[in-house]
Amino acid sequence: APSAPTVAVTSPTNDNTPAITGTAEADATVSIYSGGTLLGQATASSGGVVSFVLSSALSDGTYSLSATATDAAGNTSAAGSAVSLVVDTVAPSAPTVAVTSPTNDNTPAITGTAEASSMVELYAGGQALGQAAVDGNGSYSFTPGTALADASYSVTATATDGAGNASTASSGITVLVDTTVPTAPTLSGTSPANTSTPQLTGTAEANATVNVYDGDTSLGQAS
């Protein structure tokens, strides 16, 4: 009888009629099985190469593929070693994205969740920032390798699973990067004053928090 054939297939895959390859005795008829179910047959080339494409689509799931070889005299080999095939045609859900905003960090940490063990691609305003691997618990963390210019960005993400299925883009999360130091505020008040809580006024960058000091002692804050 011929030697047992070998079988190889890309796994996981989002192709539900995946190409199955392998080796067997030259010109042998190779029968390919999923468990005990015959998927089809292929004839090995004169060089012993086997190539087979399923005619019927497989449902999403995990399969154990093996093969036997039958020579021209009708001798059939033992089954070859089984290989696992995972068919996955379902796209992951869109990832979540979180980032601190506004921030004075021009390489801000971006975190979120996505399908476990998938790969997340991050974008800012449609421009790719880079990729992050999602851990087995569905969490990821990413820090841009290139500094972002001061501006407002809409950060989105997509997830691609191990089979190559890509999610839709996540909802945009706004991050405002601002590394510019405000102009020093002005401060005025009536002096001398006949109160221990005099009113102080002044000007500063809009929406800034102003810290007021007496020497090195903080007197309080105002917005």
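Modeller: A nonpolar core is a set of buried Ala, Val, Leu, Ile, Met, Phe, Trp, Tyr and Cys residues joined through side-chain atoms within 4.5 Å; buried means under 20% relative accessible area, exposed over 50%, and partly exposed in between (1.4 Å probe, protein chains only). This is a predicted model, in which local features need pLDDT of at least 70 and side-chain atom pairs count only at pLDDT 80 or more, while totals for chains, interfaces and linings use all residues. Residues are numbered from 1 along each chain as its sequence is written, and side-chain values use heavy atoms, with hydrogens and water left out.

Colleague: Which residues have the most contacts inside the largest nonpolar core?

Modeller: A contact means heavy atoms within 4.5 Å. One candidate, L65, touches residues including V7, I20, Y33, V83 and L85, not counting residues up to four places away in sequence. Within the largest core, which has 19 residues, those with the most contacts are I20, L65 and L85.

Colleague: Which strand gives the most to this core?

Modeller: Strands are DSSP runs of E with at least two residues, and helices are runs of H or I with at least four, both numbered from the N terminus. Two or more residues of the core come from each of strand 3 (29-34), strand 5 (49-53), strand 6 (61-70) and strand 7 (83-87). With 4 residues, the element that gives the most is strand 6.

Colleague: How many residues does the second core have?

Modeller: This core is separate from the one discussed above. V97, I110, L122 and F142 are among its members. Its size is 18 residues.

Colleague: Which residues form the covered face of strand 11?

Modeller: Strand 11 (residues 139-142) is joined to strand 8 (residues 110-113) by 4 bridges, and the two run antiparallel. In this pairing, T111 stands opposite S141, a residue of the uncovered face together with S139. The covered face consists of Y140 and F142.

Colleague: Which strands stand at the edges of the open sheet in the order 10-9-12-13?

Modeller: Two strands pair if DSSP finds at least two bridges between them, and the pairing in this sheet of 4 strands is antiparallel. Each edge strand has a single partner strand, so one side of it is left without a neighbour in the sheet. The edge strands are strand 10 (127-133) and strand 13 (173-177).

Colleague: What is the bridge partner of V120 in strand 10?

Modeller: Strand 9 (residues 119-124) and strand 10 run antiparallel and are joined by 6 bridges. In strand 10, the partner of V120 is A132.

Colleague: Where is P12, which a cis peptide bond joins to S11?

Modeller: The omega of this bond is about -5°. P12 has its place in the loop between strand 1 (6-8) and strand 2 (19-23).

Colleague: Is D27 buried or exposed?

Modeller: The place of D27 is in the loop between strand 2 and strand 3. Its phi is near 65°, a positive value in a residue other than glycine. Because its relative accessibility is 52%, D27 counts as exposed.

Colleague: What radius of gyration does the protein have?

Modeller: The radius is taken over C-alpha atoms, and the globule rule is 2.2 Å times the number of residues to the power 0.38. The C-alpha trace spans about 115 × 30 × 25 Å along its principal axes. A compact globule of 223 residues would have a value near 17 Å, whereas the protein has 32 Å.
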